[in-house]
Amino acid sequence: MIAENMARVERKIEETCRKAGRDRKEVTLIAVSKTKPLPLLQEAYAYGCRDFGENKVQELTEKYDALPKDIRWHMIGHLQRNKVKYIVGKVFLIHSVDSFRLAEEISRESVKRQVVTSVLVEVNVAKEESKFGIRSLSEAAALVEQIAVLPGIAVKGLMTIAPYVENAEENREYFQALKQLSVDIIQKNIDNVSMDVLSMGMTGDYEVAVSEGATYVRVGTGIFGERDYGETASL
Ligand SMILES: *Cc1c(COP(=O)(O)O)cnc(C)c1O
């Protein structure tokens, strides 16, 4: 079932890229495996998936320890400063940096371990109360500039979580706004900042996001099926 789902999502990404005049290689599919047990991740791995997304530190590190080391782990959930130390050196990309204090902690821990941690600044483009992320575009640009001078951390781009909507087209304006913000930041020519990465689009709206320039799409339900939060996922 996982292989079929992944093949379907792959097909749709490819088709959307073709229509948008984009190279398929510009878009990476992240399989969002939160709450899902190891055998399902192993199925995705067997299919060829090497990018997995998790939103909880403990779950990410447990899965990291249990699965092959060529997997790129993406931290996509809200991150507390006191948990940064558990994932630096393990995580390929942190998508959810939304404050300078969090960036400072990632920097400190990365310098200690002599690694450079790649991060995205999370922007709450739709300004939803219930979500994390920077709500003002100008503040997001300022945060990128502030983080840029910290050692051991590299800003690679931006991330957004669009609202849950019935009609994905409603989110197009938010994806366009995130893309425009990245273009604006590129024009500032900030040292140590690249804006190559746009992490946007989930199961309900990844095709719209790809057509607006997403380089990472984060798909959970569309690959692994509905999540059951009723019981804790057992590995
Ligand atoms: C859970 C989650 C996803 C995946 O959501 P689906 O709708 O299941 O594809 C993507 N991004 C983030 C940040 C998430 O927490």
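Which side chain does E109 meet in a salt bridge? That would be R113, with N and O 3.1 Å apart. Keep in mind that this is a predicted model. Counted across the structure, there are 16 salt bridges, and here's a quick look at some of them.

**E109 and R113**
- The side chain of E109 pairs up with that of R113 at 3.1 Å, going from N to O.
- E109 has a relative accessible area of just 5%, so it falls under the 20% cut-off and counts as buried.
- R113, on the other hand, comes in at 42% relative accessibility and is partly exposed.

**E169 and R172**
- E169 and R172 make another salt bridge, and their closest N and O atoms sit 2.8 Å apart.
- On the glutamate side, E169 shows a relative accessible area of 40%, which makes it partly exposed.
- Its partner R172 is also partly exposed, at 23% relative accessibility.
- Why does R172 not count as buried? Its 23% lies above the 20% limit, because buried means under 20% relative accessible area.

**The network around K63**
- Elsewhere, E54, E59 and K63 are linked into one network by salt bridges that share partners.
- One of the links is between K63 and E54, where the closest N and O atoms are 2.9 Å apart.
- As for burial, K63 and E54 are both buried.

Terms used: Residues are numbered from 1 along each chain as its sequence is written. This is a predicted model: local features need pLDDT of at least 70, side-chain atom pairs count only at pLDDT 80 or more; totals for chains, interfaces and linings use all residues. Side-chain values use heavy atoms; hydrogens and water are left out. A salt bridge is a side-chain nitrogen of Lys or Arg within 4 Å of a carboxyl oxygen of Asp or Glu. Buried means under 20% relative accessible area, exposed over 50%, partly exposed in between (1.4 Å probe, protein chains only).
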